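Please look over the sequence and the structure below. A short report on the fold follows.

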Amino acid sequence: MDHANLKTLIVESSGLPVSVVREISDSRLLALEHLELWLGSPAYGWDGAVDDLQPILSGKLFPKLSYLGLRDCEAADELAAVVANAPIARRLRTLDLSLGNMGNDGFRALGMLPRDGTLEKLDVHHHFAGAEMVNELKRLPFEVDASEVQTPQDWGGGEQHRYIAAAE
């Protein structure tokens with residue numbers, strides 16, 4: 001894909017094929033300001049890994065990108081750890097990791113986001129983190145939306161399941 005004027009690209013899915021992520025990464029979208037990918041779950045078609053997002057997270061592909069949404073991710077804790085240390089985190093105005101199954105580990109990782117960058121808003125609504133972690137994240141020097149605290153479902157046998165928002 002090559003488009004000189006495209007400013008917003010949103011791909012909503014409960015299971016985004018990694019081939020779509022690769023096609024976007026291979027695209028020439030120099031005016032892109034808003035990129036939102038709903039990654040989803042392997043149960044619904046997500047067949048990638050957090051490493052497949054590295055070209056986007058490098059910050060080299062889309063020079064005008066100010067909003068990055070990697071939403072509805074079943075590997076939200078792992079994603080948070082990678083994004084918090086990614087070069088792109090220093091130049092975004094909005095980072096949206098909402099609608100996933102993020103828990104305390106993801107919140108802890110996001111506490112390491114750069115404080116000297118341009119970030120104005122972090123959106124992690126619909127999550128499974130505890131109140132203490134929410135309070136810690138809200139101490140960051142930018143707006144944090146940590147609303148919609150979820151409770152894991154008990155699937156029997158003591159197994160707790162954290163679910164993404166866009167699934168069944």
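## Strands, core and loops

Strand 3 (residues 67–73) is largely enclosed by the rest of the structure, because 7 of its 7 residues are buried. Buried means under 20% relative accessible area, exposed over 50%, and partly exposed in between (1.4 Å probe, protein chains only). Helices (H or I, at least four residues) and strands (E, at least two) are DSSP runs, numbered from the N terminus.

This is a predicted model: local features need pLDDT of at least 70, side-chain atom pairs count only at pLDDT 80 or more, and totals for chains, interfaces and linings use all residues. Residues are numbered from 1 along each chain as its sequence is written, and side-chain values use heavy atoms, with hydrogens and water left out.

Strand 3 has parallel partners. Strand 2 pairs with strand 3 over 6 bridges in the parallel sense. Here histidine 34 stands opposite tyrosine 67 in strand 3. Strand 3 also pairs with strand 4 in the parallel sense, over 3 bridges. Two strands pair if DSSP finds at least two bridges between them. Leucine 68 has leucine 95 in strand 4 as its bridge partner. From strand 3 the chain crosses through helix 3 (residues 76–84) to strand 4, and this β-α-β crossover is right-handed. With the strands pointing away from the viewer, a right-handed path from the first strand over the helix to the second runs clockwise.

Next comes the core. A nonpolar core is a set of buried Ala, Val, Leu, Ile, Met, Phe, Trp, Tyr and Cys residues joined through side-chain atoms within 4.5 Å. The largest one has 48 residues, and Leu35, Leu37, Leu39, Leu70, Leu110 and Val124 touch the most other members. Helix 3 gives the most to this core, with 5 residues. Leaving aside neighbours within four places in sequence, leucine 37 is in contact (heavy atoms within 4.5 Å) with residues including Val11, Val21, Ile24 and Leu70.

Helix 1 (residues 18–25) has Val18, Val21, Ile24 and Ser25 as its buried residues. They cover an arc of only 120° around the axis, which puts them on the same side of helix 1. The arc is that of the directions from the helix axis to the C-beta atoms. Strand 1 (8–11), strand 2 (34–40) and helix 2 (54–57) are among what covers these residues.

Two residues other than glycine have a positive phi.

| Residue | Phi | Loop | Relative accessibility |
|---|---|---|---|
| Leucine 99 | about 70° | between strand 4 (94–96) and helix 4 (104–110) | 10%, buried |
| Histidine 126 | near 65° | between strand 5 (121–123) and helix 5 (131–137) | 6%, buried |
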